[in-house]
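Biologist: I would like a close look at the salt bridges of this protein, set within the rest of the fold. Please take me through them slowly.

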Amino acid sequence: MSHYLNPITSDMPHDHAGHDHAHHHHGPPADGNFGRAFGWGIALNLLFVAGETAGGLWANSSALLSDAGHNLSDVLSLALAWGATLLARRRAAERFTYGYKGATIQAALLNAALLYLALGFILWDTIDHLRHPAPVNGPVVMGLAGLGVLINGFTAWLFRSGQKGDVNVRGAYLHMLTDMLVSVGVVVGGALVYFTGWLWLDPAISFIILAVVGFGSWGLLRETVQLGLQAAPAGIEVAAVRQFLLARPGVTGLHDLHIWPLSTQDTALTVHLVRPNGENGNQFLRNLQHDLHHEFNIRHCTVQLEDEFPAMGAHGCCDEA
């Protein structure tokens, strides 16, 4: 005999009866609508990129041009993340039975690739400035970079409430926060060049910017690649889920446990549970649905209950007891 717990969403009612234990929430999805934040971030950073590019060319500053290049990649990232978020809200279709939620993962992967492509172009330009140093207009550099501190800091603030629940929102938040810190570095560098006259400081600061951005973005790149490969999300330990399932009343074993991301917010799970004494199967499944959501933030579950462990080779995946 088999029972199924069909895919569910968190806005469905849950049965809380008979539960008296602590709940641990692992990365709850962001509830807010960040459309306005994306719009403000894109508009402000586009204006800033234009001003920083013009100022960098006028002041002959590779640090400003490198920062402008990175800010332009952030504009593209914000636009892609916003578009993917809107696409993910579309209803499921005949062929796209999960809807278009996976667009957020594709956008995150593309954003990571664009970021490192931009870093490569900036590195090339910085090396050229280091080989052929030229006078830098320190006041212009400091003024534009100071403006960048304000713009990037404000944009990061717009995403602060949702950065723990969505890798797209977290990417926007971390990029803006990193840019704010980098702009602080450019202000300091501009002041040093202005007062010391050491022209090599400007490209040297640009190298530091590249290192900070590259290092700070590595974790995000690694996580997006893992999501693209359908690895279990970083906030969920598969071993903990396995032990949790095996500890359910009457469960003697499990097999074919799979946990994968539907999007940067939603996680799915499928599993076969061996439960010889299948009493109160419906109540068992309702309780399991509730607890998987609240313990691990897994909102889409498909569970099959079985009376006995299948014969060897009956399933394509490894059996687990």
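What follows is one connected account that starts from the fold, dwells on the salt bridges and then turns to other features.

Modeller: The coordinates come from a predicted model, and every value below is computed from that model. The protein has eight helices and five strands, and read along the sequence these elements follow the pattern β-α-α-α-α-α-α-α-β-β-α-β-β. Of its 321 residues, 48% count as buried.

Against that background, a search of the whole structure finds three salt bridges. As a general point, side chains of opposite charge can pair when their charged atoms come close. One of the salt bridges joins the side chains of D266 and K101, with a distance of 3.3 Å from N to O. D266 sits in the loop between β2 (253-261) and β3 (267-274), while K101 sits in the loop between α2 (62-88) and α3 (103-131), so this pair ties together parts that are 165 residues apart in sequence. The two partners can also be described by their accessibility: D266 counts as buried because its relative accessibility is 4%, under the 20% limit, whereas K101, at 23% relative accessibility, counts as partly exposed.

D266 appears again in a salt bridge with R299, where the side chains meet at 2.1 Å from N to O. R299 belongs to the loop between α8 and β4 (300-306) and D266, as before, to the loop between β2 and β3, so here the parts tied together are 33 residues apart in sequence. R299 counts as buried, with a relative accessibility of 13%. Through their shared partners, the salt bridges join K101, D266 and R299 into one network.

The search also gives a salt bridge between R248 and D291, in which the closest N and O atoms are 2.9 Å apart. This pair links distant parts of the chain, since R248 lies in the loop between α7 (238-246) and β2, D291 lies in helix α8 (residues 281-296), and the two are 43 residues apart. R248 is buried, with a relative accessible area of 13%, and D291 likewise counts as buried, at 1% relative accessibility.

Two backbone angles deserve a note beside these pairs. In strand β2 lies D256, a residue other than glycine whose phi nevertheless has a positive value, near 55 degrees. D256 is buried as well, with a relative accessible area of 9%. A positive phi of about 65 degrees is also found at Q230, which is not a glycine and which has its place in the loop between α6 and α7.

The empty space inside the model can be described in a similar way. In general, rolling a probe the size of a water molecule over the atoms shows where empty space is left. Here the count comes to three cavities of 30 Å³ or more, and the largest cavity holds about 160 Å³ of space. Its lining is made up of 17 residues, and A108, N111, G171, H175 and L220 lie nearest the centre of this cavity. The elements that give two or more residues to that lining are α2, α3, α5 (167-196) and α6 (201-228). Sorted by class, the lining has ten nonpolar and seven polar residues, and no charged residues.

On the surface, W40, F154 and W157 form a nonpolar patch, and together they have about 350 Å² of accessible area. F154 has its place in helix α4 (residues 138-159), and at 34% relative accessibility F154 counts as partly exposed.

Between α5 and α6, two of the elements that line the largest cavity, runs a loop that holds L199. L199 is partly exposed, with a relative accessible area of 29%. The C-alpha atom of L199 is separated by 8.8 Å from that of L130, although these residues are 69 residues apart along the chain.

To return to the request, the salt bridges found in the whole structure number three, and the network that shared partners create is the one made of K101, D266 and R299.

Note on methods: Residues numbered from 1 in each chain as written. Predicted model: local features only at pLDDT ≥ 70, side-chain atom pairs only at ≥ 80, totals over all residues. Heavy atoms only, no water. Salt bridge = Lys/Arg side-chain N within 4 Å of Asp/Glu carboxyl O. Helix = DSSP H or I, 4+ residues; strand = E, 2+ residues; numbered from the N terminus. Buried < 20%, exposed > 50% of the residue type's maximum accessible area, 1.4 Å probe, protein only. Patch = residues over 30% accessible without salt bridge, like charges linked within 9 Å, V, L, I, M, F, W, Y side chains within 5 Å. Areas by Shrake-Rupley, 256 points an atom, 1.4 Å probe, with all protein chains shown as cover. 1 Å grid on protein atoms, 1.4 Å probe; cavity = no way out; pocket = protein on both sides within 12 Å on 5 of 7 lines; lining within 4 Å. Points joined across faces, edges and corners; volume = space filled by probe spheres on them. Nonpolar A, V, L, I, M, F, W, Y, C, P; charged D, E, K, R; others polar.
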